[in-house]
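Me: Please take one part of this model and look at it closely. I would like to see how the strands are put together, and then what lies around them.

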Amino acid sequence: MIPICILLLSAGCETTIDFQSKAEPKLTIISQISPILPSSWDEAQRVYVYASQSASDSSLFYTPDNLTVFVTEIESGISIQLVFVTEDGKTFYKIPDGFLKAGFNYTISAHASGFDDVQATTAIPSPSTIRDLSIKTISIEQSELNDFKKNIRYTLQFRINHTEPNQYYHLVFYNAYDSLSARYLVDPELSDNQLFIHHYDYGVLINRNDLTPDQLLTFNFVDWTIGGHDLKTVYVELRSITEEYYKYHSSLARQLIVRQDPFAEPVTIFNNIKGGYGNFSGFASSTASSDLPK
């Protein structure tokens, strides 16, 4: 199984590409690394490397034979060769637990016979944090169609304590419900009054330059509960992300938008892999939560 970012790259073209006849394939790296993992989320320790014909290849991609992948911490010069892993139907290269640290810089390189070597560099920021998180204007109404369902509307407000020099953020929202151990992703309603970019999969992307100093951020949500599993706690994960992360994910989000408009200018997917395709970028997370007011 291939991660969602790769699937979206594949969805970028409407027609099938002849893998052998147009361009020589290059090594592609997809990895957004982080030392801090949200609950039950482990993609940040994984590196996906394969061969593809372009950044939006919609045909065959594969793992070349004799592929080796190295990650180097620039400050210490420590370099490790990553181990190839197959887990739950996914194949990837695993970064050892504890190797990645906030505030450090990393280089990745990949080598395979018959391909140009590829390389990229990124950093893991020191995380910014959230303060003054509160739940406002809560409305809980019984569904008119189903006795077992309740419809919930609420507003979240909070501010960001910016750690310098952080400029880019990815906000991820998820909720916990009574008697359920898992947390579930939720997304805010779209609004023309916000300059944020809705991520192609979950959450929103923010450029600090679009905010006023100490701005109070406001997001509106529509949710629902069933079978007595009432909404218990809301969580906001603030990912402090690198510029490479922001440009890559925002270009994917814009690509999905323009695909719905036949007159829109095409969007080029951001690529920071020298000699190949893809994205290598970093982030660090901090999470704030608030129980639903009684």
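Reply: Start with one pair of facing residues: Y169 stands opposite S240 in β16. Keep in mind that this is a predicted model. Y169 belongs to strand β11, residues 168–177. Strand β11 and β16 run antiparallel to each other, and ten bridges link them.

Now follow β16 itself. This strand covers residues 231–241. Is it mostly covered or not? Ten of its eleven residues are buried, so the strand is mostly covered. Here "buried" means under 20% relative accessible area. In a regular strand, side chains alternate between the two faces of the sheet.

β16 has another neighbour to look at. Strand β17, residues 277–291, is joined to β16 by nine bridges. That pair is antiparallel as well. For a single contact, take L238: its bridge partner in β17 is S286. Thus β16 pairs with β11 and with β17.

Step back along the chain from β11. The loop between β10 and β11 holds P165. A cis peptide bond joins E164 and P165, with omega at about 5 degrees.

That loop leads us to β10, which sits in an open sheet of three strands. The order is β9-β10-β15, and the pairing is antiparallel. β9 and β15 are the edge strands, each pairing on one side only. From one strand to the next, the twist averages 20 degrees. Between β9 and β10 there are ten bridges. One example is S139, whose bridge partner in β10 is R153.

What lies in the loop between β9 (129–142) and β10 (149–161)? F148 is found there. F148 is exposed, because its relative accessible area is 52% and the cut-off for exposed is over 50%. F148 also helps to make a nonpolar surface patch, together with W224 and I226. The patch has an area of about 330 Å².

β15 spans residues 217–226. Look at the loop between β14 (204–207) and β15, where D214 lies. D214 is not a glycine, yet its phi is positive, at about 55 degrees. D214 counts as partly exposed, because its relative accessibility is 43% and that class runs between the 20% and 50% limits.

N66 has a positive phi too, about 55 degrees, although it is not a glycine. Its place is the loop between β2 (46–52) and β3. Is N66 buried or exposed? N66 is exposed, with a relative accessible area of 64%.

The loop with N66 brings us to β3, and so to one more sheet. This one is open and has four strands, in the order β4-β3-β7-β8, with antiparallel pairing. Why is one side of β4 (79–81) and of β8 (118–123) left without a neighbour in the sheet? Both stand at the edges, and each has a single partner strand, so one side of each stays free of a neighbour there. The twist in this sheet averages 20 degrees from one strand to the next.

Finish with the pairing of β3 and β4. Strand β3, residues 68–73, meets β4 in the antiparallel sense over three bridges. T72 stands opposite S79 in β4.

Technical notes
Residues are numbered from 1 along each chain as its sequence is written. This is a predicted model: local features need pLDDT of at least 70, side-chain atom pairs count only at pLDDT 80 or more; totals for chains, interfaces and linings use all residues. Side-chain values use heavy atoms; hydrogens and water are left out. Two strands pair if DSSP finds at least two bridges between them. Helices (H or I, at least four residues) and strands (E, at least two) are DSSP runs, numbered from the N terminus. Axes are lines fitted to C-alpha atoms, for helices over the stretch in contact, and angles run from 0 to 180 degrees between N-to-C directions. Buried means under 20% relative accessible area, exposed over 50%, partly exposed in between (1.4 Å probe, protein chains only). Patches are made of residues with over 30% relative accessible area and no salt bridge: like charges are joined within 9 Å, nonpolar side chains (Val, Leu, Ile, Met, Phe, Trp, Tyr) within 5 Å. Accessible areas come from the Shrake-Rupley method with a 1.4 Å probe; for residues, only the protein chains shown count as cover. A salt bridge is a side-chain nitrogen of Lys or Arg within 4 Å of a carboxyl oxygen of Asp or Glu.
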